[in-house]
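Welcome! Here are a few short exercises, each followed by a worked solution. Have a look at the model first, then try each task before reading on.

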Amino acid sequence: MEEGGVLCQWSVMRSVLAIVQWWGFNVTVIIMNKWIFQKLDFKFPLSVSCVHFICSAIGAYFVIKVLKMKPLITVDPEDRWRRIFPMSFVFCINIVLGNVSLRYIPVSFMQTIKSFTPATTVILQWLIWRKYFDWRIWAALVPIVGGILLTSMTELSFNTFGFFAALFGCLATSTKTILAESLLHGYKFDSINTVYYMAPFATMILAVPALLLEGPGVKDWLYTHQSVSSALFIIFFSGILAFCLNFSIFYVIHSTTAVTFNVAGNLKVAVAVLISWLIFHNPISAMNAVGCAVTLIGCTFYGYIRHMLSQQSPGAPCTPRTPRTPRNRMELLPLVNDKLDDKV
């Protein structure tokens, strides 16, 4: 009995540590990105994203090939271009739009809009792939949509470009996760192998646009900024932390349940909002805070409904099935995996 109690305590402690380090990396990367854009005056989101991709590609190679902490999942050369490359393109758009939105709107507003992703995922699957969902899924989306509307209408630092960048970022996140169910069918990717294959492609896709669109601006910044060395250190360090975030996701997925992950993910947004407010002092009205709270409560409720439906019998609606080769487009789209949808 004592041994069982010790094991139970260790399991709880491991879950808590996994969640805390995940929160730490996630919030730190978000705050550092905002600091880079706002305090360092490095207003080049494409370049920041490119640095993150390069650091992530090097980090994933080091973890898999050098440290051998994770086995490499072998992908056929043909599949790398036919499956991985399209995923990398959407992955690239997703990250870039997130950084672009941070360039123009506060962290609190950006994180609240990002919570709209479950709604965009369900709506995309319903509109494009004609997938039908249990009425409880639709009901769970109501507080999410309502909270986003309230937050947007009462945001004191509202910026149209930043708002739409964050909103289209939600669509990119949903598209990425939906495509992963079909394009990566048959491959059991974890977060590290995902970065190993996608980060080099994403770097290749983004390098030329970043050079053409932001190259002259970056050059001027290097000549005019007062503390270039320390600023560059912060920018590259944010890239290292961005890779560490992917590694922390791998750890937390294997240390928590789906319900715990969902609740922790929504609390993480609240922590990011609070810390960003303490650092940047962006104005938040009472109704804006209420809208953010309603959105997070709605996301938690949505996660609970998803988990409850997943526990139903195999024939019930929206219940995940054992992976197999899909016979038609309707079969490509089981409900999206919440756990792998949080990379920065």
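**Exercise 1. Place Ile-84 in the protein, and decide whether Ile-84 is buried or exposed.**

Step 1: Ile-84 sits in helix H3, which covers residues 77-104. Helices (H or I, at least four residues) and strands (E, at least two) are DSSP runs, numbered from the N terminus.

Step 2: The relative accessible area of Ile-84 is 1%, so Ile-84 is buried. Buried means under 20% relative accessible area, exposed over 50%, and partly exposed in between (1.4 Å probe, protein chains only).

Step 3: Along the chain, Ile-84 and Phe-201 are 117 residues apart, yet their C-alpha atoms are separated by 8.3 Å.

A note on the model: it is predicted, so local features need pLDDT of at least 70 and side-chain atom pairs count only at pLDDT 80 or more, while totals for chains, interfaces and linings use all residues. Residues are numbered from 1 along each chain as its sequence is written, and side-chain values use heavy atoms, with hydrogens and water left out.

**Exercise 2. Describe the make-up of the whole protein.**

Step 1: Count the elements: there are 11 helices and 0 strands.

Step 2: Of the 344 residues in the protein, 51% are buried.

Step 3: Take the contacts (heavy atoms within 4.5 Å) with a separation of 6 or more: 88% of them are between residues 24 or more positions apart.

**Exercise 3. Find where Ser-15 lies and what Ser-15 touches.**

Step 1: Ser-15 belongs to helix H1, residues 2-38.

Step 2: With a relative accessible area of 15%, Ser-15 is buried.

Step 3: Set aside the neighbours within four places in sequence; Ser-15 is then in contact with Ser-255 and Thr-256.

**Exercise 4. Work out how H5 and H7 cross.**

Step 1: Two packed helices are described by the angle between their axes and the distance between the axes.

Step 2: The axes of H5 (residues 117-128) and H7 (residues 160-183) come within 8 Å and cross at roughly 60°. Axes are lines fitted to C-alpha atoms, for helices over the stretch in contact, and angles run from 0 to 180 degrees between N-to-C directions.

Step 3: H5 and H7 are therefore oblique to each other. Angles under 35 degrees count as roughly parallel, over 145 as roughly antiparallel, 65 to 115 as roughly perpendicular and the rest as oblique.

Step 4: From H5, the contact is made by Thr-117, Thr-120, Thr-121, Leu-124 and Gln-125. From H7, the residues include Cys-170, Leu-171 and Ile-178.

**Exercise 5. Compare two aromatic pairs, Phe-164 with Phe-168 and Phe-233 with Phe-237.**

Step 1: The whole structure holds 17 aromatic pairs. Rings of Phe, Tyr and Trp (its six-membered ring) pair if their centres lie within 6.5 Å; planes under 30 degrees apart count as stacked, over 60 as edge-to-face and the rest as tilted.

Step 2: Phe-164 and Phe-168 have ring centres 6.4 Å apart and planes at 35°, so this pair is tilted. Both residues lie in H7, 4 residues apart, about one turn of the helix. Phe-164 is partly exposed at 39%, and Phe-168 is partly exposed at 47%.

Step 3: Phe-233 and Phe-237 are stacked, with 5.7 Å centre to centre and 5° between the planes. In helix H9 (residues 228-253), they are 4 residues apart, which means about one helical turn. Phe-233 is exposed at 57%, whereas Phe-237 is partly exposed at 35%.
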